[in-house]
Amino acid sequence: MAKTILAVDDSGSLRQMVAFSLKAAGYDVVQAVDGQDGLNKAKEKTVDLVLTDQNMPIMDGLTLIKNLRELGSYQKVPILMLTTESSDEMKAKGKAAGANGWLVKPFDPKRLIEVVQKVIGS
Amino acid sequence: MTIDMSQFYEVFFDEAEELLAEAERLLLGINIANPDNEELNAIFRAAHSIKGGAATFGFMDMTEITHVLENLLDKIRKNEMALTAEHVDAFLAAKDVLKMELDGHRLATEVDQEQVADVKMMLKQLSEAGAVATPVATDSTVSVSATPPPVEFSAVAEIAQNEIPDGTSCFNIVMPDITEKDVENLQEELGLLGLVALSKQSDGHFVITLTTDSSQADIVSICSFIVDPDDLVITLKTDASPVKAPQVAEIKPVVAETVESKADTGTKVLVQEEVGYGLFEEEGKEKQEEGYGFFAPFQPHPDAVKANLIGDDTALTLANSGTTSAQLAASTAKVEATPVSTASQDADRRNAGRRESDKVPASAEASSIRVGVEKVDQLINLVGELVITQAMIEQRISMLDPVHNEALINSVGQLTRNTRDLQESVMSIRMMPMDFVFSRFPRMVRDLAAKLNKKVDFVTVGAATELDKGLIERIVDPLTHLVRNSVDHGIEIPENRRKAGKSDSGTLTLSAAHKGGSIVIEVTDDGAGLNRDKILAKAQSNGLPVSENMTDSEVFSLIFAPGFSTAEVVTDVSGRGVGMDVVKRNITAMGGSVDIRSALGFGTTISISLPLTLAILDGMSVSLGQSVYVIPLNLIVETLQPRAEDIKTVTGEGRMVHVRGEYLPIIALHSLFNHATDITDPTQGVLVLLESDGKKSALFVDRLVGQQQVVIKSLETNFKRIPGVSGATIMGDGSVALILDVAALIQMGQSTNYITGAASFSNQNNQHMQSNA
Amino acid sequence: MSTDNVMSNSKAKSAEGEYLTFVLGAEEYGLEILKVQEIRGYDAVTQIANTPEFIKGVVNLRGKIVPIVDLRIKFNLGKVEYNEFTVVIILNLHGRVVGIVVDGVSDVIALKEEQIRDVPSLVTSIDTKYIVGLATVAERMLILVDIEQLMTSQEMALVDAVAA
């Protein structure tokens, strides 16, 4: 069965690009428009990987990650941050929140898939 | 696998456009003295999102502007810099430039590069100006660090001063084998970050030396649009390079975590100097080479191809197991010592404790899907067809025996209701709130008022009122004209307002409301008002037929006459000026009408009445000979069968009907349309009293057929515009009925009859009619 | 619009192709079959005020409002009757749908380039500038019309002057 990835981004174009690329690579993708939406959707179905933007309205990526880690079902699920903020500080925060890694925007679909495959396999 | 990114462009364009509009709305509403944090964050996020998308989809020009914009916004939202009116102006200018660039990509419209450069420069200067006033970085650092080691930080500060005076760093960027053109482009792009110098190495490779306050990651991301960042060799150039690493090493550890990160930084810097780009064993390397990384202790999936690339960040591992404060201190110190540290990062730290404020309440993106307008239109057309077919079935059914066919008739009744509901729902898809139009005016009014040294309070009412998308798009230009005229000629300068006993600020109100089957949009100002006498005098000198008996409304309507208003006249009559005829023509073409109310000294209201949608019309069918015509119901005042004594003939030229004290011209449709009919005496037929543009006329037809909703079809699709006809529709029996253009008919009637008082000024239609007659 | 181009192109390349032949008065004409959408009988039309007599009005063609032109009136070809044999050729000219009333439709024929001759300056009902060429088929002379050029011309009054 195809693995499911939750893609959280308030930017529709980027989210669609991510979703499209991942689908093309054979993954199932659940999309969410902000942290809160992402959290709700993550609760509905435990996914195999979470990709989240950081800067979003309503609930940002860090808060989402913290919240996810508090859920029993998400303690081991890999979470990657997609962010334009490539600073070490942001990475530190991401890590503190419980993220497993990061991917700096802009990235091209190929790289995204490469990274995702590295994390959860194809 | 290749993925065609262009398929996401349209989504990005829509999104960026919405973000820009939202940012502008926020900027216009912002309280400069005490800006709302959430609003600032929302504006920042808009810039940030556009930057992310633009970078991903390769719209470099937009990335550049949003990048500098974001930097500046970041400083402001972190209270590092106070928001000034100048900032708001610059942000608005940046928004304009971004919109221009967006349109450039989307519609291939021209982009004024000079304007782009100006705005970029302005933003940069503002950004730098503020940086000087910023408190020293160390202060803010201490405030966050849980266990601030004084020695540590003074050392750090020292390093920072030694290596990066003015908070900038100097990078050497060695180009791979690329064309000179690309080098030029790169040089230009990097020029946005700071000072750039180009030189050539002995091996023929170009080297760009960049002095900047931006991070290496910024450089890489900018370069990545022209060259593969993996091919770049970026070196941090410092005069103190041999000293630096030892210096770091000499620092005595105070807090364990800090030491870790210090050492880490030391390595990083050292390696950067030697090789150029990220040979920092773990994180740094990955970041520069791959643009991503994983935190230990995360273990990659066994399937992973390149497991060896997985990073293991020691410092962070430590921090992860420790407390958050310690971790924060670690990262803080680390970033501090890194020469690529930027002011914005400093500020970031200062604000780290109140990240919560980043959250913006419910600006929730409503769940929606984007569909092309043509799809919606096709749906509307199909439903229109369905409604017609439905009407045909109804007509056939009505001929059946109601007892024997009771079940069928009931079912058809149900079908009718369903069809109507379906039609209503489908029509509502095209409806958009007037806010789409209104939202562009605060900015315009603001700019215009500033230019004219006037004070204007701009108020909108009923922005949620919905209108058909097609009409929304077409109302923009006329409304823009009216609003501009109100600010320009309506509202007086403060001095004159004071003299007239008014407040300094004029009020300009833009309102929309539903009234029956139409939407009424009004532009109201409390300015000088229209001067009836001056308009009359001007009209007379222009050779327009006028009379003292004309109503105010008729007099004010004179300003809609083509060529009536010249600039000079405009000021003269403190009127609305040039191009009012165009406004009027546009609105009439939409099936709407314009009316003016004004009181000298108190202000003016221009009222536009539009049908709710272009596609459906509530109509009255009337017959003339063998034909049926449809008249828009909202233009019908009443219908009557006149008595012989009410019909008057004016000097043998035209007939008038006397209705409740008013004499209205009779327009005989059969003679206007050269249409054969047996009924030529108004007392044998029906008079339909019509009102359009404040003018009333009585249309003489054979008889009334009935009232019904009709789907408007264009005659122009396959044919052409016909004077006096606004469109066509298909009746229940499948035949075509023409929809009358009431405003044009009244004009046409007036040109063929003598009517006291109001005469028509010029109308292509009546000229056409006369030549045809 | 580039009706001129269409015209010169069709002349320049070749008039070869399939033609729908129709009768107007004593003459037989041919028009490019690709321009024909359908052929139907004459239905009641809705007349339109103040248009030339040859524009009969508009009809409802499956929800579209389509103007009907009587070429017999336009070219003064004797008596004009409307009965069950009256034929309307519905043309689709670059998305613009127009119906023309003719005396009758006879055939669809394929013409080779060598069968088509240039137009001599002879007198036909239709102005020679709208004639692509002449062809002889089974002893009959066929006048090939550039129907698009004709229908969009000013004299047909079917399109707005500005739009044309």
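1. Let's start with the contact between chains B and C in this predicted model. Chain B brings 24 residues to it, and chain C brings 24 residues as well. About 2,000 Å² is buried between chain B and chain C, with carbon and sulfur atoms giving 55% of that area. On the chain B side, B:N718, B:F719 and B:V736 lose the most area to chain C, and together they make up 38% of what that side buries. If you are looking for salt bridges between chain B and chain C, the count is 0.

2. Chain C also has a sheet that deserves a look. This open sheet has 5 strands in the order β3-β6-β7-β5-β4, and the pairing is mixed. At its edges lie β3 (36-41) and β4 (55-61) of chain C, each of which pairs on one side only. Neighbouring strands of the sheet are turned against each other by 30 degrees on average, direction ignored.

3. You may like to follow one edge of that sheet in detail. In chain C, β4 pairs with β5 (residues 64-70) in the antiparallel sense, over 6 bridges. One bridge to inspect joins C:N60 to C:I65, the latter in β5 of chain C.

4. Finally, a residue in chain A. An unreviewed UniProt entry lists A:D53 under "modified residue: 4-aspartylphosphate". In the model, A:D53 belongs to strand β3 (residues 49-53) of chain A. Is A:D53 buried or exposed? A:D53 counts as buried because its relative accessibility is 2%, and the cut-off for buried is under 20%. Beyond its neighbours within four places in sequence, A:D53 is in contact with A:V8, A:D9, A:D10, A:G61, A:L82 and A:K105.

Methods. Residues numbered from 1 in each chain as written. Chains lettered and ligands numbered in written order. Predicted model: local features only at pLDDT ≥ 70, side-chain atom pairs only at ≥ 80, totals over all residues. Heavy atoms only, no water. UniProt positions renumbered as here; feature names shortened; annotations may be inferred. Helix = DSSP H or I, 4+ residues; strand = E, 2+ residues; numbered from the N terminus. Buried < 20%, exposed > 50% of the residue type's maximum accessible area, 1.4 Å probe, protein only. Contact = heavy atoms within 4.5 Å. Pairing = 2+ DSSP bridges. Axes fitted to C-alpha atoms, helices over the stretch in contact; angles between N-to-C directions. Buried area = accessible area lost by both parts, 1.4 Å probe. Salt bridge = Lys/Arg side-chain N within 4 Å of Asp/Glu carboxyl O.
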